Amino acid sequence: MKLIKQVKATTKFAGVFPAWGVVGGMLLLVVTLSTGCVKTTGASVQTSSKILFASTCSSNYEIYTMNPDGSQVVQITADGTDNREPDWAPNGSQIAFKSTRNDEGTNPEGDFEIFVMDADGSNVRQLTNDSRDDRHPVFSADGKSIYYVSMTAIGNFQLYFVGVDGGAVKQLTEMVGGVKMPAVSSDGRWLLFQTDGGSETNATQEIYKMRPDGSKLTRLTNNSAHDKVPHFSPDGSYITFQSKRDGDYEVYRMKADGSEQTRLTRVEGKDKRTSWSPDGKKISFQSTRTGHWEIYTMNQDGSEQKQLTSGNCDSHMPKWSGYLMKK
Ligand SMILES: [Ca+2]
Ligand SMILES: [Ca+2]
Ligand SMILES: [Ca+2]
């Protein structure tokens, strides 16, 4: 991948700013261009919940936030590289993400590395430094560490762990076929992930949970279709996930022990990548039902599905802040 220097990308960005549509109310773009850089309001700790997402609306993947009703869209990154898979720190003060940035510095291969930045996009720190693909960063419940997956020497992905302040990385899984998409329970006692299936096992992707120390590994789904991208509800009683069991990717919900698997979406197009509001009443997800990837919310029973983003581009990977906040 050819990377663009930050100063050039910023200039280009200012000229082709995305045209956000208006869906379900006013969608206000709050960006101040100051000396060629995107400036945000940048509070250190959040006092209200925001939805974090990645979007191609400025031509490459950049990271944005918005209010849970779709208003007040703020662009957080603008360096012209590939910035995706953002995740909130428990108190909303920091964002973890993956990026191909720093190709002229600490990431000469231009592969995906794991980064952490302050919530206003400042103070970016690179946590991994290798030539392999690093993906799916999520904060631990205490906010001190990041779980992520990294490609191993044999080409599958396994779960790793690194401190937010850097330091040595630690491998947590060694599963046949590999694992992806870790998620953390709000009390920090459980990890969720999907097995990766693929050519090594010729198996479907299925959802597992385990303790962070690797004990109590439990398979939660078991069928002939892919089940993937699990997320706990804030109280840990439910898990949302996506499945192809009915022929089209839909969002499902199950109890934390794998029982009562219930379909929540019934729309043509892919419905994927859930996250929960901090009060456990709403679920955000992404869908191709309009032809582009757009971000939606719905009640936790699947009712009142509402489109938040709209544009001639794709918006992905919503993460609702406050999920891990201590009540
Ligand atoms: Ca890497
Ligand atoms: Ca690298
Ligand atoms: Ca669907």
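Two strands count as paired when DSSP finds at least two bridges between them. Strands β16 (residues 207-210) and β17 meet that condition with 2 bridges, and they run antiparallel. This is a predicted model.

**Overall make-up**

The protein chain holds 1 helix and 26 strands. It has 327 residues, of which 45% count as buried. Take the contacts with a separation of 6 or more: residues 24 or more positions apart account for 42% of them.

**The β14-β17 sheet**

β16 and β17 belong to an open sheet of 4 strands, ordered β14-β15-β16-β17, with antiparallel pairing. β14 (179-184) and β17 (218-219) are the edge strands; each has a single partner strand, so one side of each lacks a neighbour in the sheet. Across the β16-β17 pairing, Y208 has R219 of β17 as its bridge partner.

T218 also sits in β17. Is T218 buried or exposed? It falls in between: T218 is partly exposed, because 13 other C-beta atoms lie within 10 Å, and a residue needs 20 or more to be buried or 12 or fewer to be exposed. Apart from neighbours within four places in sequence, T218 is in contact with Y208, K209 and M210. The C-alpha atoms of T218 and D257 are 8.8 Å apart, although 39 residues separate the two along the chain.

**Two hairpins**

Strand β6 (residues 83-88) is mostly covered, with 6 of its 6 residues buried. β6 pairs with β7 (residues 94-99) in the antiparallel sense over 4 bridges. R84 has K98 in β7 as its bridge partner. The hairpin of β6 and β7 has 5 residues between the strands, and there G92 takes a positive phi near 75°.

Strand β18 (residues 227-232) has 6 of its 6 residues buried, so the rest of the structure largely encloses β18. Its antiparallel pairing with β19 (residues 238-243) runs over 4 bridges. F232 stands opposite I239 in β19. Between β18 and β19 there are 5 residues in the hairpin, and G236 in the turn has a positive phi of about 80°.

**Positive phi outside glycine**

Most residues other than glycine have a negative phi. Which residues depart from that pattern here, among them V229 and E260? The table sets these two side by side.

| Residue | Phi | Location | C-beta atoms within 10 Å |
|---|---|---|---|
| V229 | about 55° | strand β18 | 26 other, buried |
| E260 | near 55° | loop between β20 (250-255) and β21 (262-263) | 9, exposed |

V229 is buried because 26 other C-beta atoms lie within 10 Å. E260 counts as exposed because it has 9 C-beta neighbours inside 10 Å.

**The nonpolar core**

The largest nonpolar core has 59 residues. Which of them touch the most other members? They are I95, I146 and L192. Leaving aside neighbours within four places in sequence, L192 is in contact with P182, A183, I207, K209, P230, F232 and I239. Several of these names recur from the sections above. F232 and I239 are the residues that stand opposite each other in the β18-β19 pairing. K209 is also in contact with T218.

Notes:
Residues numbered from 1 in each chain as written. Chains lettered and ligands numbered in written order. Predicted model: local features only at pLDDT ≥ 70, side-chain atom pairs only at ≥ 80, totals over all residues. Core = buried A, V, L, I, M, F, W, Y, C linked by C-beta atoms within 7 Å. Contact = placed C-beta atoms within 7 Å.
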